[in-house]
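Colleague: I should like to learn how the contacts between chains and the helices behind them are read from a model. Could we work through an example?

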Amino acid sequence: MPREIAQLLLNGLMAGTILAVPAIGFTAIYAVLRFPNFAIAAHLTIGAFAGWLANVSLGLPAALAVGVAFVVAGLAGVLNDELILKPLRPAGALTTAIAAVALTLVLENVVRFVFGNDLRGYDLPIRRDWQAAGLRIAPQQVHNFVIAVVAMAAVFLFLAFTRTGKAMRAVADNPMLASVKGIDADRVARLTNFVAMGLAGVGGVLVGLDTSIDPLTGFRVILSVFAAAVVGGLGSIPGAVVGALTIGVGEELSLLVLAPAYRTVVGFAAILVVLTLRPRGILGERAY
Amino acid sequence: MSALLAVEGVVAGYSPSDEILKGVDLAVDSGEIVSVIGPNGAGKSTLLKVVAGLLRPHRGRVRLGEAALEGKPAREVSALGVAFVPQEHNVFPSLTVRENLEMGGYVDPRAARRRIDEIFVRFPALADKRRHAARTLSGGQRQMLAMAMALMVAPVLLLLDEPSAGLAPRAAEQLFDTVVAVNGDGVAIVMVEQNALEALAIARRGYILVDGRNSKSGPAAELARDPDVRRIFLGG
Amino acid sequence: MENYLVAMAVFAGLYALLALGLNVVWGMTGMINLGLVGFFGLGAYASALLTRAHRAPIVLGLAAAALVTAAAGAAMALTTARLRGDYLAIITLGFSEVVRLVASNELWLTNGTDGISGIPGPWRGRVTPQTFNVVYLAIVALAVLAVFALCQRIRSSPYGRVLRAIRDDDQVAAVAGKRVIVFKVQAFAVSAAILGLAGALWGHYTSFIAPDVFTPLVTIYVVLALTAGGTGNNVGAVLGAALVIFLMEATRFATGWVGMLKPVQVAALREALIGGALLVVLRVRPRGLLPERLARS
């Protein structure tokens, strides 16, 4: 039993790290643009398919496919925001949120139109699981873990040390003051969309490397992504990481008592519990 | 001496039918401190927002030297050398003190690096806290930081919106000393204040705004002695 | 053809109920519900299970559906009442997914993804299908009329004015001495009951429900109906529902004419069109065809 729990914890941390990547994207858009952008689901799917094309059709290795997914999903994110969501933002956060759901529906179906409903898998070498101290781990899991950690580290370094990264945090803190200081909020918004949707795309590839992809890939993980962001504190990037690890571990541990199909319910339950006890999430909103 | 800032007949409000300012004039010469005082709701803060480019006036003109400011966005106004320090929410709470100053000098990062060192000399309290998040500062320190951020762009004109609001008397006194010191470097300052006497004490000239209109103006020392002014603001 | 038109009228009526239900929270109170399909599904299952397994009369099933969903709605509003609207958006969306998961996995109760068939309908089997259709249309029309009257009453009553005050600024409403939370919970419960009733009526009409019926797509349809009709306006909600059904059916024919497409592509095209239609409406006519006329309060 303790070994089983240790195995679930290990799996949970791996899953949580992957989840953190799109969760950072979701929370970053929230921090800067102040609305829950549900279209993160569609961009996750777009990234997953862009990476799949790069991997399977062009024969690129998974690590490069991640780069392709980041750029394609990021550009799609900027384009979709400029054309569709940005003009609606003056109407309020909730209207924009509704539009984001509609946008997700459109984009998902564009993917479905092109690729159909079939499940697709990445081309991966089949390797045997590693075993140590009675715990099993697949090399692919470790690989994905490393990609996720590198992506997150890059985001943190960008936000902490670059002028543009600091400007992004400044806009998230206080958009009015940022504009007084000469920070171009539109540019920051575009950049945030690029990075955030790019991260969603990377998340899509990681999900695809882990299992398989179809047009609903993004939608299937989105509840866990929301849960991670809300549990950690909407708008807080370290919060998204903490939240994602919490949800990842929680979903795995739930296997001890619940049927696997209910994993995503854990996220929903976690949202309710955390919001009841700490309405601003574990780390609080707006904490960087 | 020609006016640095000239505000003429400005009518402004937060919606087309809303007139908080009903025709206000204001002139500021290079290098002087001008205090704008008046009862709550007189439109003092609104006036600063119009000058800073945060609010487009319905009518009237705002000129900085030869340049027309009315209708220009805040970003362009600040690029012309006008720095606005809002009354509240005037720092980035989750950024460190140093990062706040960098954002203050965002438009000119190269000059900013040099100026940060100068600022830390002028504001030693901020230097000690350079790595702390701004949300951890005391009220007085926060106002200092807000002003220091504004100075990062070497402005010709500094707009201060009630800098002493909410501060303990000692902190307020320190703050006014800093305002005088900053002015000593040649920066013209327009300061909106509730603390009428203190504000007039450090100003060269003063304006009194009542209900969106100019009520009185003149040398600060005279206004401070004016019986009407004393009755309105000092209750005696 | 006649049957088809009657069936479409029934579905339009059911969507009108959903749009009226959404209008109570979103249009009148300013609270978002992106998981309304969850309440719709909950109502459908509640009534189907009660009337099929326990042989309860359909009227009882409808009442139970409304009660169960009202309770669920009240619980949700209680949990989220102190939170900002964006949290409510996330939580309601999550709720509908949970409903779908439970319906897909609790085989003993819901028969899983295979769904429940043989849900009784009033006089079904005892009259011809044509007559059943017409009778059911009458029932749905009656339900729409009753709910519409209720919603109009809410809207024009002092109670409705409080809801609007909350929508426009709940701090001001709170300052005016209104217990905002109580109003929010009540509004959410009423809205959820209407959604649940619509779900129950759906099941008794089609005689079959499955988790697949209750996808987020339905939520989009209803939001589209209300937004196109005119958020806040009950007439607009009903009109919008009719429009959406028309649009869905029109796209069915239109995509049928486009040859050479696989069925999955046709389905994708239709869903994308619906999503696109909502985006266009939000952009071009955000207040709908019949914008809410605000009575001075």
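Colleague: How many residues of chain B are in contact with chain A, and how many of chain A take part?

Modeller: This is a predicted model. One counts the residues on each side of the contact: here 20 residues of chain B meet 16 residues of chain A. On the chain B side, helix H2 (74-79) and helix H3 (97-104) of chain B each give two or more residues. The class make-up of that side is twelve nonpolar, five polar and three charged residues.

Colleague: How many residues does the contact take from chain A and from chain C?

Modeller: Chain A contributes 37 residues and chain C contributes 32 residues. On the side of chain A that touches chain C, at least two residues come from each of helix H4 (93-115), helix H9 (217-232) and helix H11 (263-277) of chain A. H4(A) provides the largest share, 15 residues. That side of chain A comprises 30 nonpolar residues, six polar and one charged.

Colleague: Is H4(A) largely enclosed or not, and why?

Modeller: Burial is judged residue by residue. In H4(A), 17 of the 23 residues are buried, so the rest of the structure largely encloses this helix.

Colleague: What span should H4(A) have, and what span does the model give?

Modeller: The check rests on a rise of 1.5 Å a residue. The 23 residues of H4(A) should therefore span 33 Å, and the end C-alpha atoms are 32 Å apart, which agrees.

Colleague: Which residue takes a positive phi just after H4(A)?

Modeller: That residue is Gly116(A), with a phi of about 75 degrees.

Definitions and conventions:
Residues are numbered from 1 along each chain as its sequence is written. Chains are lettered from A and ligands numbered from 1 in the order in which they are written. This is a predicted model: local features need pLDDT of at least 70, side-chain atom pairs count only at pLDDT 80 or more; totals for chains, interfaces and linings use all residues. Two residues are in contact if their C-beta atoms, placed from the backbone, lie within 7 Å. Helices (H or I, at least four residues) and strands (E, at least two) are DSSP runs, numbered from the N terminus. Ala, Val, Leu, Ile, Met, Phe, Trp, Tyr, Cys and Pro count as nonpolar, Asp, Glu, Lys and Arg as charged, and the others, Gly among them, as polar. The expected span of a helix is 1.5 Å times one less than its number of residues. A residue is buried if 20 or more other C-beta atoms lie within 10 Å of its own, exposed if 12 or fewer, and partly exposed in between; C-beta atoms are placed from the backbone.
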